[in-house]
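This report goes through one structure, element by element. Please keep the sequence and the 3D view at hand while reading.

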Amino acid sequence: MLKPGGQLHIADWGHPTNTLMRCMFLLVQLFDGVKCTQDNVEGKILSLLIDTGFTEVAKKQTFNTIFGTMTLYSALKPTPSI
């Protein structure tokens, strides 16, 4: 469980940065399933983090790999107001 004020860092497949990366990620989708990975392709991770209450949500960096675009995300769990 992440404590209030804690930082969350995620490395996951992100929205493909170009057509080649989209094609490479199709291989991952064949093994993991299209339904399980569609949010990655559509770049929904940022909005999912915001919708669950995280703040300072950001996409920090992307890397093109042989399997698609790897993206680094960060977010902060807010501290409760007193």
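Strand 3 (residues 68-76) is largely enclosed by the rest of the structure, because seven of its nine residues are buried. Buried here means under 20% relative accessible area, exposed means over 50%, and partly exposed lies in between, with a 1.4 Å probe and protein chains only. Strands (E, at least two residues) and helices (H or I, at least four) are DSSP runs, numbered from the N terminus. The model is predicted: local features need pLDDT of at least 70, side-chain atom pairs count only at pLDDT 80 or more, and totals for chains, interfaces and linings use all residues. Residues are numbered from 1 along each chain as its sequence is written, and side-chain values use heavy atoms, with hydrogens and water left out.

**Strand pairing**

Which strands pair with strand 3? Strand 1 (residues 7-13) does so in the antiparallel sense over seven bridges, and strand 2 (residues 55-65) pairs with strand 3 in the antiparallel sense over eight bridges. Two strands count as paired if DSSP finds at least two bridges between them. In the pairing with strand 1, Leu 72 of strand 3 has Ala 11 opposite. In the pairing with strand 2, Thr 69 of strand 3 has Asn 64 opposite. The connection from strand 2 to strand 3 is a hairpin through two residues.

Glu 56 is placed in strand 2. Its phi is near 50 degrees, a positive value in a residue other than glycine. Most residues other than glycine have a negative phi. Glu 56 has a relative accessible area of 62%, so it is exposed.

**Helices**

Thr 37 belongs to helix 2 (residues 34-41). With a relative accessible area of 5%, Thr 37 is buried. Apart from neighbours within four places in sequence, Thr 37 contacts Phe 25, Gln 29 and Asp 32, where contact means heavy atoms within 4.5 Å.

Leu 27 is in helix 1 (residues 19-32), and its relative accessible area of 40% makes it partly exposed. Together with Leu 30 and Phe 31, Leu 27 forms a nonpolar surface patch with about 400 Å² of accessible area. Patches are made of residues with over 30% relative accessible area and no salt bridge; like charges are joined within 9 Å, and nonpolar side chains (Val, Leu, Ile, Met, Phe, Trp, Tyr) within 5 Å. Accessible areas come from the Shrake-Rupley method with a 1.4 Å probe, and for residues only the protein chains shown count as cover.

**Salt bridges**

How many salt bridges does the structure hold? There are two salt bridges, each being a side-chain nitrogen of Lys or Arg within 4 Å of a carboxyl oxygen of Asp or Glu. The table gives the closest N and O atoms of each pair.

| Pair | Closest N and O atoms |
|---|---|
| Lys 44 and Asp 39 | 3.9 Å |
| Lys 44 and Glu 42 | 3.0 Å |

Asp 39, Glu 42 and Lys 44 are thus linked in a network of salt bridges. Lys 44 is partly exposed at 34% relative accessible area. Asp 39 is partly exposed at 33%, and Glu 42 is partly exposed at 42%.

**Cysteines**

A disulfide is taken as a pair of cysteine sulfur atoms within 2.5 Å, and by this rule the count is zero. Cys 23 is partly exposed, with a relative accessible area of 43%, whereas Cys 36 counts as exposed at 62%.
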